[in-house]
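The following exercises concern a disulfide and a pocket. Each task is followed by a solution in steps.

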Amino acid sequence: MISDIAAWFITLFVLNPIQADVQERMQGVNASAQSIQQSQQCIAAQGPKLLQRAGEDPSWAIATAAGYTLGWTSPVQLLDANDPNCAELTRLLQAGEGEEANS
C-alpha cells in the first residue's frame, strides 16, 4: 500500500508535470518529429524505472516529489543520461533551466 502511494506521488508530482513541460517546450521550439519521438521514448522508458524506485523506496519518492515541486530537483536529474533517447530531452530541459535562471 505504501509503495502504491509512493508511485502515485511520483506520477502526480513528477511524471505528469515533466510530460506537460516537455510537450510545451517541444512545441515552443518547433521540435522535429524525431526529437518528439525520442523524448516520448525516454519518458516511456524512465517512467517505469522511477515508479519502481518509488515503490522500493517510498521516502525517496516523497522527497523527490517535494523537491521537484519546489524546484530543488531538476527533471534532468531523474533521467538516465546513458539512454540515447534521453539526450535530446536532456538538452532541451537543461536549456530551459538556463532560461529560468536568467529570468
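A residue is termed buried when its relative accessible area is under 20%, and exposed when that area is over 50%. The structure is a predicted model.

**Exercise 1.** Determine whether Cys86 is buried or exposed, and do likewise for Cys42.

*Solution.* Cys86 has a relative accessible area of 1%. The limit for a buried residue is under 20%, and Cys86 is therefore buried. For Cys42 the relative accessibility is 0%, so Cys42 also counts as buried.

**Exercise 2.** Identify the disulfide of the structure, and state the handedness that follows from the torsion about its S-S bond.

*Solution.* The structure contains one disulfide. Its partners are Cys42 and Cys86, with sulfur atoms 2.0 Å apart; the cut-off for a disulfide is within 2.5 Å. The torsion about the S-S bond is about 95°, and the disulfide is therefore right-handed. Cys42 belongs to helix 2, whereas Cys86 lies in the loop between helix 4 (75-78) and helix 5 (87-102), so the bond ties together parts that are 44 residues apart in sequence.

**Exercise 3.** Describe the largest pocket: its volume, its lining residues and the character of that lining.

*Solution.* The space in the largest pocket amounts to about 190 Å³. Its lining consists of Gln19, Val22, Gln23, Met26, Gln27, Ile36, Ser39, Gln40 and Ile43. Two elements, helix 1 (2-28) and helix 2 (33-56), each give two or more residues to this lining. Helix 1 provides the largest share, five residues. By character, the lining comprises four nonpolar and five polar residues, with no charged residue.

How values were computed. Residues numbered from 1 in each chain as written. Predicted model: local features only at pLDDT ≥ 70, side-chain atom pairs only at ≥ 80, totals over all residues. Heavy atoms only, no water. 1 Å grid on protein atoms, 1.4 Å probe; cavity = no way out; pocket = protein on both sides within 12 Å on 5 of 7 lines; lining within 4 Å. Points joined across faces, edges and corners; volume = space filled by probe spheres on them. Helix = DSSP H or I, 4+ residues; strand = E, 2+ residues; numbered from the N terminus. Nonpolar A, V, L, I, M, F, W, Y, C, P; charged D, E, K, R; others polar. Buried < 20%, exposed > 50% of the residue type's maximum accessible area, 1.4 Å probe, protein only.
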